[in-house]
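Here is a short briefing to read with the model open beside you. Have a look at the fold, then work through the notes below.

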Amino acid sequence: MKRRDIVIVTPALAAANNGNWQTARRWARFLANDYRVHITDTWAAGPTSPDAALMIALHARRSAASVAAWHGAHPERPLILVLTGTDLYRDIDTDASARQSLAAAQRLVVLNEVGPWRLPPALRDRVTVCLQSATPRRARTKTTRHLRALAVGHLRDEKQPQTYFAAARALAHRSDILFDHIGGGLDPALAAQARALAAQQPRYRWLGALPHAATRARIAAAHVLVHPSRMEGGANAVTEAVVSGTPVLASRIDGNVGLLGPRYGGYFEPGDAAGLVTLLQRVRDDPSMLSDLAEQCALRAPLFDPAHERQTLLSLLAELLPQAPLETTDERPRRTR
């Protein structure tokens, strides 16, 4: 039987090198054996857009025009809406187009375990939790001469790099605690702060945007990943750290708690640079704390198995497209614009 076409709409394609693109690319790979997958940043009815049996749209607000176009052209065809951190924790409260996207979707996907509780009770029966996965890496033996912290995320306010900057400044006297920072300077003011800090604090390095493979290698090499976001749907970087044997120090927000669990021992309050400083000094000065966080992460790692994420997606699509065949081919997902 002929495989059905599906379209994945993501506001960010490969050039953005961000979480939305990584999610879209990974999902296209997971689904390519069973469906013909098209990735695009916009969809509008017409001969230049792929004709598909189902749409997966990432981002309620930024993909709102594509969602509305799909719903208007094909109201009978399924639509899956994937809610990002800014969707869940800001836009569905303040943005009319985001709320319209919610109303149009047959299914809603959230990327952390506590995400469903952020939605109105009337919508929760439409929700599927799909934890993002990463291929595991063997935990590396790391030097005891210093502690290398790493933050991963483009420089924008939602990621709160200011908290990381403040911690690096506060620990400038500690020659045994190093700070690396990966991410493009999307906010020019934050980029200027990163450059100034690197000039003042020799143990802080802003590495800019790196390819995904290089970022993963640095996550695996770090002693801790620091994730200070103030809003997050479910960060790929956190998942990648956990499956690489790198403990995480994270802001206590739903998007992090929904990945690491409510009892995880590496939280600090959002924006609390002093709390982050305390944690960094503890994991440096008390080796048992670092190993304890690593053990807690190891217990969560099976939740981020690629096979589990793929099966969640296939089950959801099979529910919405019950006649979809399950053929096996080597065809690669296709990207359109």
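Strand 4 (residues 79-82) is covered on both faces: Leu79 and Leu81 on one side, and Ile80 and Val82 on the other, are all buried. Here buried means under 20% relative accessible area, exposed means over 50%, and partly exposed lies in between (1.4 Å probe, protein chains only). Helices (H or I, at least four residues) and strands (E, at least two) are DSSP runs, numbered from the N terminus. This is a predicted model, in which local features need pLDDT of at least 70 and side-chain atom pairs count only at pLDDT 80 or more, while totals for chains, interfaces and linings use all residues. Residues are numbered from 1 along each chain as its sequence is written, and side-chain values use heavy atoms, with hydrogens and water left out.

**Strands 1 to 4**

- Strand 3 and strand 4 pair in the parallel sense over 4 bridges; two strands count as paired if DSSP finds at least two bridges between them.
- Leu58 has Val82 as its bridge partner in strand 4.
- Strand 3 (residues 54-58) also runs parallel to strand 1, and 4 bridges join the two.
- On its way through strand 1, you can find Val9 opposite Ala57 in strand 3 and bridged to Thr40 in strand 2.
- Strand 1 and strand 2 (residues 36-40) are a parallel pair with 5 bridges.
- Strand 1 is mostly covered, with 5 of its 5 residues buried.
- Asp5, Val7 and Val9 point one way from strand 1, while Ile6 and Ile8 point the other way.
- In a regular strand, side chains alternate between the two faces of the sheet.

**Loops beside these strands**

- Thr10 sits in the loop between strand 1 (5-9) and helix 1.
- Thr10 counts as buried because its relative accessibility is 0%.
- Contact means heavy atoms within 4.5 Å, and Thr10 is in contact with Asn20, Trp21, Ala24, Ile39, Thr40, Asp41 and Leu58, leaving aside neighbours within four places in sequence.
- His59 belongs to the loop between strand 3 and helix 2 (64-73).
- With a relative accessible area of 3%, His59 is buried.
- His59 is not a glycine, yet it has a positive phi of about 90°.
- Most residues other than glycine have a negative phi.

**The open sheet**

- An open sheet is formed by 6 strands in the order 9-8-7-10-11-12, with parallel pairing.
- Its edge strands are strand 9 (204-208) and strand 12 (267-268), each of which pairs on one side only.
- Strand 7 (residues 147-152) pairs with strand 10 (residues 224-227) in the parallel sense over 3 bridges, and Leu150 stands opposite Leu225 in strand 10.
- Helix 5 (residues 161-170) lies across strands 7, 8, 9, 10 and 12, and runs at about 155° to strand 8 (177-182).
- Gln160 is in the loop between strand 7 and helix 5, and has a positive phi of about 50° although it is not a glycine.
- Gln160 is buried, at a relative accessible area of 12%.
- Thr143 is found in the loop between strand 6 (127-129) and strand 7.
- Thr143 counts as partly exposed, at 26% relative accessibility.
- The C-alpha atoms of Thr143 and Ala222 are 9.8 Å apart, with these positions 79 residues apart along the chain.

**Nonpolar cores**

- A nonpolar core is a set of buried Ala, Val, Leu, Ile, Met, Phe, Trp, Tyr and Cys residues joined through side-chain atoms within 4.5 Å.
- The largest nonpolar core has 51 residues, and those with the most contacts inside it are Phe179, Leu225, Val248, Leu249 and Leu280.
- A second, separate core of 26 residues includes Ala24, Ala28, Leu58 and Leu321.

**Helix 1 against helix 12**

- Helix 1 (residues 19-31) packs with helix 12 (residues 306-320) at an angle of about 75°, and their axes are 10 Å apart.
- That makes helix 1 roughly perpendicular to helix 12.
- Axes are lines fitted to C-alpha atoms, for helices over the stretch in contact, and angles run from 0 to 180 degrees between N-to-C directions.
- Angles of 65 to 115 degrees count as roughly perpendicular, under 35 as roughly parallel, over 145 as roughly antiparallel and the rest as oblique.
- Arg26, Trp27, Phe30 and Leu31 of helix 1 meet Pro306, Glu309, Arg310, Leu313, Leu314 and Leu317 of helix 12.
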